Amino acid sequence: MFAFTRSRLMRTAATALAASLALSACNKASDQTARSETAAPALPDLPATLPLASGAATPVAYAPGPSELPDTRAIPAVRTVAPGDAYAYADQAYGFMNALGDAPPDYGFDYDGVDPWAWQGYDDSVSFAEPIDGGYRYYYYRPDAETPYFIRDPRYGYGYDDGQLAVVYAADGAVVPYESYGPQIGYASRYFVRGRDLWRASRANPRRGVIAANWVRQRPVIAQSRARWQQNRPRQPGWVAYHETIAPRQQRHWQPEEIRREADTRRYAAWQQRDFRTPPPPRAIPVRWQQASWAKDKARFAPAQAALERFAARPAQPGRESGLLERLRGDDRQRAGDDRRPDIAPRPDRAETVQRQIAGNQARRRETMQVVNEPQRLARPGQDRRAQEVARGQRIAEAPPERARREREPQTDARRQAQRPTAAENIARADRQQPRAEARAQARAGREQMQVARGQERMQQARAAEAGRQQARAEARVAQQSQRDQARQAQQSQRAQAESQRAEARQAPRAAQPQAAPRPSGGGNPGGGGHGGRPDGDRSGPPRR
């Protein structure tokens, strides 16, 4: 980590380097946008997307956390001059993520026992996602670049420029001050190396379709992560200011990707409604990708057209709307410039068919009217209309039953044909129903997220309850052990006291036996006169004189 504090010269050099990096980041973000407006990128040489796979869900293998990744040499860290310029990295990745929407991943591959998922854009931008403890870690790559320009996990985001750490973002999207990077430089360095290795593995290891059951399980987690990130930009004034400067060009750049991913999302939703019992739907691809060697199978890859996708999302109605679908498919082939398949002649429009039927009914009605009497045929336009209706009813009543049926049939058939919706009305109704279908899909996704959240909450509660029970059992064991210790100490004390009492009892008889008086060893009484060997109290002696 460069301190840039030793001299004014080093501070000046650091400022110049940071300015060039910030300008480079802005130029790269704008260059990618301009690229799509001037020239189409080259065709992907490897499958850029694969249909989802059927089968049961597989266990999730989590990638190592930042502290568990192998240590590596710290990459250089530099300052950014203007705070607003620092958001170039996050905003470019945000635009790609927003264009992807809820579309499923394009493919998966194996790396170090983990199964990362990949989304590859029409401009060859790439994003990887790998599961970690607490969510997902995302890597974003510019076209033809094997190192990421942006990486984010549930806690931080890192912007890179030419192998150097240009900016660090907090969980709420705020720019972390340069002086407060701390251990994030080490984490950013490890992420950068892993991002490079992930890209190489995606080119070297086989690509496979993501299992649909795995996407059903993990989709709410990724959707919640995206929703939290979407809430950050409006809360950061610097980010909002930067985005406003490039929003029009960014929107134009990602519009083809949004159309493609919207088609993928609808195809997946229709397949999910059939409980994945049918073959996987084709992946939506740009028209030019049809020329790639891996995209020849029309059942696996089909261009995305907004009108066709909206119409195909409705429930199938056999025999009524096949003509419109064929025309739309014919338009798709014409737009794609595919001359290898024969053109399909468009069928007559439903409205034209209805008009011809009405015209035929009117002709038959004019023929039937010729059988009426002369006064009725010569009725002038000013004649009373009610009288004409009464006369016509009388003619029908007097006519044979078959003629009366033919009289009523044209009007009934015309009314029936007029009440049938035309193809244009069907499309308009589909357009009106589309927002409601999307709202129902969003509501269903919200319910899935709520179910996942409730499941996680119940799991956490169960874990907390189990932890409480384990703690209670541990405390009970400690209390029981303490009671046993106290009882053992009491028993030991009682035994010691009993032993002491027995020892005292053994010594008591010896103390009660009488002791023999010591025999005198000569000498007289203390009174003075000696009595020789006489007994005490014997006061006899020589007679006094």
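Me: How many cavities of 30 Å³ or more does the count come to, and what makes a space a cavity here?

Reply: In this predicted model, the count comes to three cavities of 30 Å³ or more. A space is called a cavity because a 1.4 Å probe fits in it but cannot get out. The largest cavity holds about 140 Å³ of space.

Me: Which residues line the largest cavity, and which elements give two or more residues to that lining?

Reply: The lining of the largest cavity consists of Met97, Leu100, Gly101, Ala103, Trp119, Ser127, Tyr138, Tyr140, Arg152, Trp215, Ile222 and Arg226. Two or more of these residues come from each of helix H2 (88-100), strand E4 (135-141) and helix H4 (212-230), and H4 gives the most, with three residues.

Me: How is the lining of the largest cavity divided by class, and why is Gly101 not put among the nonpolar residues?

Reply: The lining has eight nonpolar, two polar and two charged residues. Gly101 belongs to the lining, and it is placed with the polar residues because Gly is counted in that class.

Me: H4 also packs against helix H5 (residues 237-273); why is this pair called roughly antiparallel?

Reply: The two helices pack at an angle of about 160°, with their axes 16 Å apart. Angles over 145 degrees count as roughly antiparallel, so H4 is roughly antiparallel to H5. The crossing of H4 and H5 is left-handed. On the side of H4 the contact is made by Ala212, Trp215, Val216, Arg219 and Trp229, and on the side of H5 by Trp239, Tyr268, Trp271 and Gln272; by class, this contact has seven nonpolar, one polar and one charged residues.

Me: What makes H2 oblique to H4?

Reply: The axes of H2 and H4 come within 12 Å and cross at roughly 135°. That angle is not over 145 degrees, nor does it fall in the range of 65 to 115 or under 35, and the rest count as oblique; H2 is therefore oblique to H4. The crossing in which H2 passes H4 is left-handed. Ala90, Ala93, Tyr94, Met97 and Asn98 of H2 make the contact with Arg226, Trp229 and Gln230 of H4, and these residues divide into five nonpolar, two polar and one charged.

Me: How do you know whether H2 and H5 are roughly parallel or roughly antiparallel to each other?

Reply: Their axes come within 9 Å and cross at roughly 30°. Because angles under 35 degrees count as roughly parallel, H2 and H5 are roughly parallel to each other, and their crossing is right-handed. Among the residues that make the contact are Ala88, Asp91, Phe96 and Leu100 of H2 and Tyr242, Ile246, Trp254 and Arg261 of H5. By class, the contact has 10 nonpolar, four polar and four charged residues.

Me: What makes a space a pocket rather than a cavity, and which residues are closest to the centre of the second largest pocket?

Reply: A pocket is so called because it is an open set of points, whereas from a cavity the probe cannot get out. About 880 Å³ of space lies in the second largest pocket. Of the 37 residues that line this pocket, Gly134, Gly135, Tyr136, Val221 and Arg228 are the closest to its centre. H4 supplies the largest share of the lining, seven residues, and the lining has 18 nonpolar, 11 polar and eight charged residues.

Note on methods:
Residues numbered from 1 in each chain as written. Predicted model: local features only at pLDDT ≥ 70, side-chain atom pairs only at ≥ 80, totals over all residues. Heavy atoms only, no water. 1 Å grid on protein atoms, 1.4 Å probe; cavity = no way out; pocket = protein on both sides within 12 Å on 5 of 7 lines; lining within 4 Å. Points joined across faces, edges and corners; volume = space filled by probe spheres on them. Helix = DSSP H or I, 4+ residues; strand = E, 2+ residues; numbered from the N terminus. Axes fitted to C-alpha atoms, helices over the stretch in contact; angles between N-to-C directions. Left-handed = near helix turned anticlockwise from the far one by under 90°. Contact = heavy atoms within 4.5 Å.
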